[in-house]
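These are my notebook entries on one structure. I went through helix packing, aromatic rings and a few individual residues.

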Amino acid sequence: MRGDAQNPADWLAYARRDLAKAKSDLDAGEVPYALTWLQQAAEKALKSWLIARGWNLVKTHDVASLARAAIQRGADVSWFLPTASAVTEEYFAERYPGDFDPPPTHEEARRFLADVQTLFAQLHPNTGPNPK
């Protein structure tokens, strides 16, 4: 990844880009691709927040574990855990063979998008997914 892995702003910039790509793909009806980008956006938004609080970077794609790390550091994101688990599973389902649940519907993916946007707003107020 280009940039400084210890710089929260670099992670957030990538997270914003991934969220925009997720929305674009979802608008185009490309649910599997949108879910992959949603996972990436949530992962990087959480890593940005955690690194800003002194967390040592862990190379993981498990958004739920990152959300739990944020909870341990005072972020009230327990509401996000079901979506975190879902987008993580979809990320792996699109990347690796295996026995996975059926993919989410377009409507479910829209709810995941809304949740990730809310996560951005909560963790990164005034910078969120689309800074002013």
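Is Asp101 buried or exposed? I looked up its relative accessible area, which is 52%, so Asp101 is exposed, the cut-off being over 50%. I note at the outset that the model is a predicted one.

**Entry 1: Asp101 and Glu89**

I placed Asp101 in the loop between α4 and α5. I then took its separation from Trp37: the two lie 64 residues apart along the chain, and their C-alpha atoms are separated by 19 Å.

Asp101 also appears in the contacts of Glu89, a residue of helix α4. Leaving aside neighbours within four places in sequence, I found Glu89 in contact with Phe100 and Asp101. Glu89 has a relative accessibility of 27% and therefore counts as partly exposed. I also checked Glu89 against Asp62: they are 27 residues apart in sequence, and 8.6 Å separates them in space, C-alpha to C-alpha.

**Entry 2: α1 with α2**

I turned next to the helix pairs. The axes of helix α1 (residues 8-27) and α2 come within 7 Å and cross at roughly 160 degrees. An angle over 145 degrees counts as roughly antiparallel, so I recorded α1 and α2 as roughly antiparallel to each other. Their crossing is left-handed. By class, I listed 17 nonpolar, two polar and six charged residues in the contact of α1 with α2.

**Entry 3: α2 with α3**

How are α2 and α3 oriented to each other? I read an angle of about 25 degrees, with the axes 10 Å apart. Angles under 35 degrees count as roughly parallel, and α2 is therefore roughly parallel to α3. The crossing of α2 and α3 is left-handed.

On the α2 side I noted Gln39, Ala42, Glu43, Leu46, Lys47, Trp49 and Leu50, which meet Val63, Leu66, Ala67, Ala69 and Ala70 in α3. The residues of this contact divide into nine nonpolar, one polar and two charged.

**Entry 4: α3 with α4**

Helix α3 (residues 63-72) and helix α4 (residues 81-95) pack at an angle of about 150 degrees, and their axes are 7 Å apart. I therefore entered α3 as roughly antiparallel to α4. From α3, the contact draws on Val63, Ala64, Ala67, Arg68 and Ile71; from α4, on Leu81, Ala84, Ser85, Val87 and Thr88. By class, I have seven nonpolar, two polar and one charged residues for the contact of α3 with α4.

**Entry 5: Val77**

Val77 lies in the loop between α3 and α4. Its relative accessibility is 0%, and Val77 therefore counts as buried. What does Val77 touch, not counting residues up to four places away in sequence? I listed Ala67, Ala70, Ile71, Leu119, Gln122 and Leu123. For Leu119 I also took the C-alpha separation from Val77: 7.6 Å, with their positions 42 residues apart along the chain.

**Entry 6: His124**

Leu119 recurs in the contacts of His124. I placed His124 in the segment after α5 (106-123). With a relative accessible area of 8%, His124 is buried, the cut-off being under 20%. Apart from neighbours within four places in sequence, the record of contacts for His124 reads Leu12, Ala45, Ser48, Trp49 and Leu119. Trp49 had already come up on the α2 side of the contact with α3.

**Entry 7: Thr36 and the aromatic rings**

Thr36 is found in helix α2 (residues 31-52). At 7% relative accessibility, I counted Thr36 as buried. Beyond its neighbours within four places in sequence, Thr36 is in contact with Tyr91, Glu94 and Arg95.

Tyr91 led me to the rings. A pair of aromatic rings is described by the distance of the centres and the angle of the planes. How many aromatic pairs does the structure hold? I counted three aromatic pairs. One of them joins Tyr91 and Phe92, at 5.6 Å centre to centre and with 85 degrees between the planes. Planes over 60 degrees apart count as edge-to-face, and I entered the pair of Tyr91 and Phe92 as edge-to-face.

Ring pairs link Tyr91, Phe92 and Tyr96 into a cluster. I compared accessibility for two of its residues: Tyr91 counts as buried at 9% relative accessibility, whereas Phe92, with a relative accessible area of 27%, is partly exposed.

Key: Residues are numbered from 1 along each chain as its sequence is written. This is a predicted model: local features need pLDDT of at least 70, side-chain atom pairs count only at pLDDT 80 or more; totals for chains, interfaces and linings use all residues. Side-chain values use heavy atoms; hydrogens and water are left out. Helices (H or I, at least four residues) and strands (E, at least two) are DSSP runs, numbered from the N terminus. Buried means under 20% relative accessible area, exposed over 50%, partly exposed in between (1.4 Å probe, protein chains only). Contact means heavy atoms within 4.5 Å. Axes are lines fitted to C-alpha atoms, for helices over the stretch in contact, and angles run from 0 to 180 degrees between N-to-C directions. Angles under 35 degrees count as roughly parallel, over 145 as roughly antiparallel, 65 to 115 as roughly perpendicular and the rest as oblique. A crossing is left-handed if the near helix is turned anticlockwise from the far one by less than a right angle, and right-handed if clockwise. Ala, Val, Leu, Ile, Met, Phe, Trp, Tyr, Cys and Pro count as nonpolar, Asp, Glu, Lys and Arg as charged, and the others, Gly among them, as polar. Rings of Phe, Tyr and Trp (its six-membered ring) pair if their centres lie within 6.5 Å; planes under 30 degrees apart count as stacked, over 60 as edge-to-face and the rest as tilted.
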